[in-house]
Amino acid sequence: MAADNIDNLIEDVVNASKLPAKARSINIKPTVASLSSLAYENGILPSGLDGLIDLVTTPNYLDQASLAAVIRNLYPAERVSVDVVLRVVSALGHGALKASLSLQAALLKWLVMVYHVLEGPAVLAQVYSVLFNLLDTAAIRPQLAHLLALVTRRRHVRPFRIQALLNLSRQTGNDPSLVGLLRVFKDYYPEIIVGEAVRGKASAFKHPDLLWRSRLDEIQDAHRQRAAEQRPTGPQSGFRVNRPVNRAQRNKAVPVVLTSHATEDSVTLEEVEDVSSFVSKMDKLELPNQLVAVLADPLLQKLLILRPDPESYQRISNWLSAVFQEVMAGDADEATLWEVLEVVREFAVRTRTIPPLLMAFFSQFFEIWGGQGKRETVFEILGFAPFHDFEELHQHIFKPLEAAVQDFAPASQLGLLQMYTHLLRHWTATLQSSDTIPENASTTISALVRHTSMLALTLLQTSPSVGTDSLILDFYEQTARLVTDSTLKRYVRIELPPSPLIYTFLFSNSLATASRICYILAVYKKGIETAVATRPRGGTATGTSDGGAHRIDSHTYDRSFVNLFNGYIMDMCNCFWRNRAFNDTDTNAQACTLSAGTVNALATYALSVDRALALNSYFSLSHSPLLCYQSIERVRDLEDDAIEHDKTIRVRHGGPVTQSSLTRLANAGGMRLSWQDYRIEVLKNLADSGFPGVAELLKNAMTVLKKSIDGRLSIQGTPIQM
């Protein structure tokens, strides 16, 4: 392919530029000539353009003639990025590391010629001062003045620039390019620039090479056409039949839509061109010869959804069954299987359903599959599994799948985690759209959450990273959406994450991770409080809704569950707010599951480091490794505001902030800020900075923050009451 050839030539030229001419084994000039020819014929893709711009803007051993030839043939096939423009501008000026002045002139000329295809022309306005200050360099002045003339707007015409241009014009004997730029300036402020200054011969700033511009436009038009033909495997419009532009793009396993038995009164799918045509002809549309084409054709999918037909779906199932039987019998090669599954994946993504026959196939296939191939395709398909008892699905589908891919851990475990997240999202949407909530909704969701929690704990050991934490939290944030849904929260029980997972995230080195787990627990707290406050109808815990699903009420969560959850909340309040980290004497407090011996050892070590700071204060808003920077930054902002309004403030806080340090600060002539107000300001600042979790948890757990508006503060916690 031409793209591969030009990439190889670019690589050869770049490699040769790193060696002195005498050290090269070949003559590079023919290679440069071939590169120029291919660039003229097909243009240069962004990746190749990046490499060539680096070549001509950085010091190297290539001769000036070759570099100039490269610049003359820099025909971009797509729009020129802002990064490329900035690298060209950075090569301008004087210095040992700058390009030669002749190359700088060529690069400026190139910017003028590609100005109309820049991805962001505004970037040149942002570097206007840099360009303007180079006008005293005679070798690049004509090209530079032309580029400035294109960029100049009213905001760029300043008195000091007018004066500089006038002075430079006098010094150079009214250089035509400078006079031309002055005329551009005069168009904006004719009353400032005197007429004599712009009289005489001046540059008209005509396009430097119209033939080059014409060739560039041809290259870009051809590239856009090729991209349009090759872009998707599916259609550009969801209301047109998928017509591959060439045989190479056709799926060999799944046939295309073809209708050969239409009558005079019927209309074929191939005749539909837009949504209006589809709607007006829907009743007359004839089904194609092979309905299995529905797997790869969005228009046929829409028709079968709007005109469901059991016989049609049976034909599709029969075709898939035949393919899968061939796979299991060894009569079909592996490539055919993955080709069919890839099409099924696209079908599942578009329709949010998978053919029921596929689940039966997977239950057999996973028993013999070794996990090789496109595992991601399988994971994505199963993310749309139908809502069904999870224990049964796990026994027949997910357990064999996990066994098949276990040799590829931890990458396969991350894929499984994302699959379960997508499955929970899909099931949530299914329940939200149901007229009645199934009776097993809560038990099914709970089983999925418990199983995924075990997988999450495994991943914390096999692949510990912020990225893994984020994927795990994606799952639990999806469970939180069940709690916030006005209907589902009445029927789906909350399953708490395992204690090791909660405390691992609480003491993570990522503020985003800690904030997200706090926010999830805050949402859970609201849901549990609502359930505990709800009395079962008829005085029993087995009352059901009209749809048959059990409602979540005060009997759903036993005392041990509530006490465990309250322990999580109390530990977090002790860490962030009460300066009582790892305390186990408060009601429900669990000391973050640390043993007394461990806490004592940590406390002894903490005092050996700093006798003025006890262990229980190390994770407060002021001293926590995650929050200390945000805390002191908020104090600095408050001090700046206070100094602006009160000039008598002479002292700033040194940090970190404590209750006694704020008192000393006020007595020394610094800002007056109460301990409670300081902590509330820190929480608000965290929320404003995109980390609302800690503030949300404390606000829902403590009376103090609910009453912060009137300034009457208390530090009494509010656990869930049974």
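Colleague: Why is Cys-628 called partly exposed?

Modeller: Cys-628 has a relative accessibility of 29%. Buried means under 20% relative accessible area, exposed over 50%, and partly exposed in between (1.4 Å probe, protein chains only), so Cys-628 counts as partly exposed. This is a predicted model, in which local features need pLDDT of at least 70 and side-chain atom pairs count only at pLDDT 80 or more, while totals for chains, interfaces and linings use all residues. Residues are numbered from 1 along each chain as its sequence is written, and side-chain values use heavy atoms, with hydrogens and water left out.

Colleague: What makes Cys-518 buried?

Modeller: Its relative accessibility is 0%, and therefore Cys-518 counts as buried.

Colleague: How many disulfides are counted?

Modeller: A disulfide is a pair of cysteine sulfur atoms within 2.5 Å, and the count by this rule is zero. Cys-518 is in no disulfide, since the nearest cysteine sulfur, that of Cys-573, lies 9.3 Å away.

Colleague: Why is the contact of Arg-224 with Asp-221 called a salt bridge?

Modeller: The term requires a side-chain nitrogen of Lys or Arg within 4 Å of a carboxyl oxygen of Asp or Glu. Between Arg-224 and Asp-221 the N to O distance is 2.3 Å, so the rule is met. Both residues lie in helix α12 (residues 210-230), three residues apart, about one turn of the helix. Helices here are DSSP runs (H or I, at least four residues), numbered from the N terminus.

Colleague: Is Asp-586, which pairs with Arg-580, buried or exposed?

Modeller: Asp-586 has a relative accessible area of 16%, so it is buried. Its salt bridge with Arg-580 has an N to O distance of 3.0 Å, and Arg-580, at 28%, counts as partly exposed.

Terms used. Helices (H or I, at least four residues) and strands (E, at least two) are DSSP runs, numbered from the N terminus.
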